[in-house]
Amino acid sequence: MASKLQAVRGMNDLLPATTPAWRHAEQRLQAVLERHGYQEIRLPLVEPTELFARTIGEVTDIVEKEMYTFLDRNGDSLTLRPEGTAGVVRAGIEHGLFQGQLLRLWYQGPMFRHERPQRGRYRQFHQIGAECFGSAEPELDAGLIAMTAQCWHELGLPSLRLEINSLGSRQARGAYRDRLQEYFRGNRAALDEDSLRRLESNPLRILDSKNPDLAALIAAAPSLPEHLDDDSRAHFERLCVLLDQLGVAYTINPRLVRGLDYYGRTVFEWVSDALGAKGTVCAGGRYDTLVEQLGGRPTPAIGFALGLERLLDLMAVNGLEPPAPLGVWYLASTPGACRAQALVLAQQLRAQSNAPTVLMDHAGGNFGKQLQRADKAGAEIALILGEDELAAGTVTVRLLRATQATQETVSINDLQATIARLITAQESFAV
Ligand code: HAM
């Protein structure tokens, strides 16, 4: 017997029962982004492997062990994108988008990381992200973070916690890196395998370790804020003042370093306690040197990405449902000429821009059977076209959800007006 085909582990099907919630969240979030002047950019899912090694960093979990990398038929090394920022910067340079003026871009779509799947962590997951290029001023950071706060507000999401930190300038980070290396070298015996590897190549990443055995050692490590350069400290203090003025609550987490190498100065994460271990719903920060590093003109920038799986999980945990659909009308008919007439009527009804979902019955059987199916399909109105109706040029309209059985046979020409009247009557009856 042939083996059963299944989706790739960690890559989920989004079935029809869940897509309305996804669409609802996506549409709301897009509206917030557009309101802030962000424009959509759509990019390939596959990029040259080198792009990610040069942006995210050689010594990061993503590049070291999580990328889906393969040789294509030309022998070129390609990678399924693990995140969106690298591609946006690549495209911006390639198409000359960074011309000095502010550029605000958003994107959405699947990202791929070969991580161990668990709740909130998948191998194909979906992000909505935004990147803003062209200004280093902290007002931009504050505005972008306030925009994310607005996103939660728009979706009715309570209780997300904002953590912020500053990684400082490259030089300050270099000096801090040396201090940290010195500290962890002195405690080499206490380090686990991962941290030992990071010790020489990327000691900041040890701060990110989730190993509980290292928690005390990490807590006692030299602290990043003490090593900030003056400009970055002033930048960060100003950001804090602006967030206060905007009424966006935050906590400063001096251990927040983020898992991608391109960041400098502001970094932030929105975290929920309701999602288990994988509670970071949204994360981002500044990457002022990345554009230049990839060959573009110097262009300071900041951005974020939110994980839609985690966001949808959080919405479900909070009992937030998408709004009910417009409604369903169900056309029941007898085979032959009546069915043909029903088909024509369905097309006419759907041609209107405010039309509900209009379903035709194609399974047949008597009207009782067809009406049962209408009920199952969630219809609130059945339109019945039998031999009598066809001969008289009429349709029978039946309200399926009314507390009192309501049915009328009307001329096809009066159909819309009759439905509107019946629905209004039903609503006022319900009140
Ligand atoms: P990131 O922290 O790697 O940052 O990912 C951002 C968000 O994507 C996470 O907070 C999480 O919600 C979601 N996410 C990441 N990995 C997974 C996974 N395996 N399964 C489910 N959700 C996941 C970035 O990607 C940066 N590009 C963000 C950014 C944009 N920074 C500046 N601009």
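This is a dialogue about helix packing and ligand contacts in a predicted model.

Biologist: What should I keep in mind about numbering and confidence in this predicted model?

Modeller: Residues are numbered from 1 along each chain as its sequence is written, and side-chain values use heavy atoms, with hydrogens and water left out. Because the model is predicted, local features need pLDDT of at least 70 and side-chain atom pairs count only at pLDDT 80 or more, whereas totals for chains, interfaces and linings use all residues.

Biologist: At what angle do H1 and H5 pack?

Modeller: Helices are DSSP runs (H or I, at least four residues) numbered from the N terminus, and their axes are lines fitted to C-alpha atoms over the stretch in contact, with angles running from 0 to 180 degrees between N-to-C directions. Here helix H1 (residues 19–35) and helix H5 (residues 138–155) pack at about 140°, their axes being 10 Å apart. Angles under 35 degrees count as roughly parallel, over 145 as roughly antiparallel, 65 to 115 as roughly perpendicular and the rest as oblique, and H1 and H5 are therefore oblique to each other.

Biologist: Which residues of H1 and H5 make the contact?

Modeller: Contact means heavy atoms within 4.5 Å; among the residues that make it are His24, Arg28 and Leu29 of H1 together with Met147, Gln150 and Glu154 of H5. With Ala, Val, Leu, Ile, Met, Phe, Trp, Tyr, Cys and Pro taken as nonpolar, Asp, Glu, Lys and Arg as charged, and the others, Gly among them, as polar, the residues of this contact divide into seven nonpolar, two polar and three charged.

Biologist: Where does H5 meet H9?

Modeller: The axes of H5 and helix H9 (residues 230–246) come within 9 Å and cross at roughly 40°, which makes H5 oblique to H9. Residues of H5 including Pro138, Asp141 and Ile145 meet residues of H9 including His235, Arg238 and Leu242, and this contact divides into eight nonpolar, one polar and three charged residues.

Biologist: How many residues surround the ligand, and which are the closest?

Modeller: A residue is near a molecule if one of its heavy atoms lies within 4 Å of it; 27 residues surround the ligand, the closest being Glu83, Arg113, Glu115, Glu131 and Tyr263.

Biologist: Which ligand atom lies 2.8 Å from a polar side-chain atom of arginine 113?

Modeller: A polar contact with the ligand is a pair of N or O atoms within 3.5 Å. For arginine 113 the partner is an oxygen atom of the ligand, whereas threonine 85 has a polar side-chain atom 2.8 Å from a ligand nitrogen atom, and an N or O atom in the side chain of tyrosine 262 is 3.0 Å from a nitrogen atom of the ligand.

Terms used. Helix = DSSP H or I, 4+ residues; strand = E, 2+ residues; numbered from the N terminus. Polar contact = N/O pair within 3.5 Å; in protein donor to acceptor, adjacent residues only side chain to side chain.
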